[in-house]
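Work through the following exercises with the sequence and the structure open beside you. Each task is followed by a solution that goes step by step.

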Amino acid sequence: MNRVYSYIPRLIESLINFVLSVIEGFLGLRILLKLFGASTTAPFVTWMYETTQPLLYPFQGMFPSPKLPEGFIIEFSALFALIAYAFMGYIATEALETLIYYGSRRRKKDGE
């Protein structure tokens with residue numbers, strides 16, 4: 001039974017990494033679409049912007065988004081969000097690793 005519980009932290013870590021990979025992939029795609037001036041009349045582009053909007057909400061208005069010639073936009077808020085989510089994922093996985101380490105030390109000390 002204890003063997004099953006030893007896999008749960010690794011499963012949680014994998015889940016955190018998967019969710020963060022999806023978030024970062026979506027934000028990266030949004031940055032590229034904005035940078036290359038993708039048309040919002042395309043359904044995929046509209047869907048991508050609508051899907052990533054809640055992820056950018058905490059970072060809106062932090063930085064200006066300069067418009068380059070021909071409609072290209074550098075969305076610095078999205079770039080910052082990408083970095084912030086990567087950092088939060090790193091902190092979450094490191095905290096989990098610390099809990100796993102100290103949990104295994106405690107089990108060894110208790111004689112399990």
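**Exercise 1.** Find the residue with which E13 forms a salt bridge, and decide whether E13 is buried or exposed.

*Solution.* In this predicted model, the partner of E13 is R10, and the closest N and O atoms of the two are 3.1 Å apart. Next, locate the pair: both residues lie in helix α1, which covers residues 2-35, and they are three residues apart, about one turn of the helix. Finally, compare the accessibility with the cut-off: buried means under 20% relative accessible area, so E13, with 15%, is buried, whereas R10, at 40%, counts as partly exposed.

**Exercise 2.** Determine which side chain R10 meets in a salt bridge with an N to O distance of 2.7 Å.

*Solution.* The side chain is that of E97. This pair links distant parts of the chain, since R10 belongs to helix α1 and E97 to helix α3 (residues 76-110), with their positions 87 residues apart. E97 has a relative accessibility of 28% and counts as partly exposed.

**Exercise 3.** Describe the salt bridge between E75 and R30, and then say which residues are joined into one network by salt bridges that share partners.

*Solution.* The side chains of E75 and R30 meet at 3.0 Å, N to O. E75 sits in the loop between α2 (43-56) and α3, while R30 is in helix α1, 45 residues apart. Both count as buried, E75 at 11% relative accessibility and R30 at 4%. As for the network, shared partners join R10, E13 and E97.

Key
Residues numbered from 1 in each chain as written. Predicted model: local features only at pLDDT ≥ 70, side-chain atom pairs only at ≥ 80, totals over all residues. Heavy atoms only, no water. Salt bridge = Lys/Arg side-chain N within 4 Å of Asp/Glu carboxyl O. Helix = DSSP H or I, 4+ residues; strand = E, 2+ residues; numbered from the N terminus. Buried < 20%, exposed > 50% of the residue type's maximum accessible area, 1.4 Å probe, protein only.
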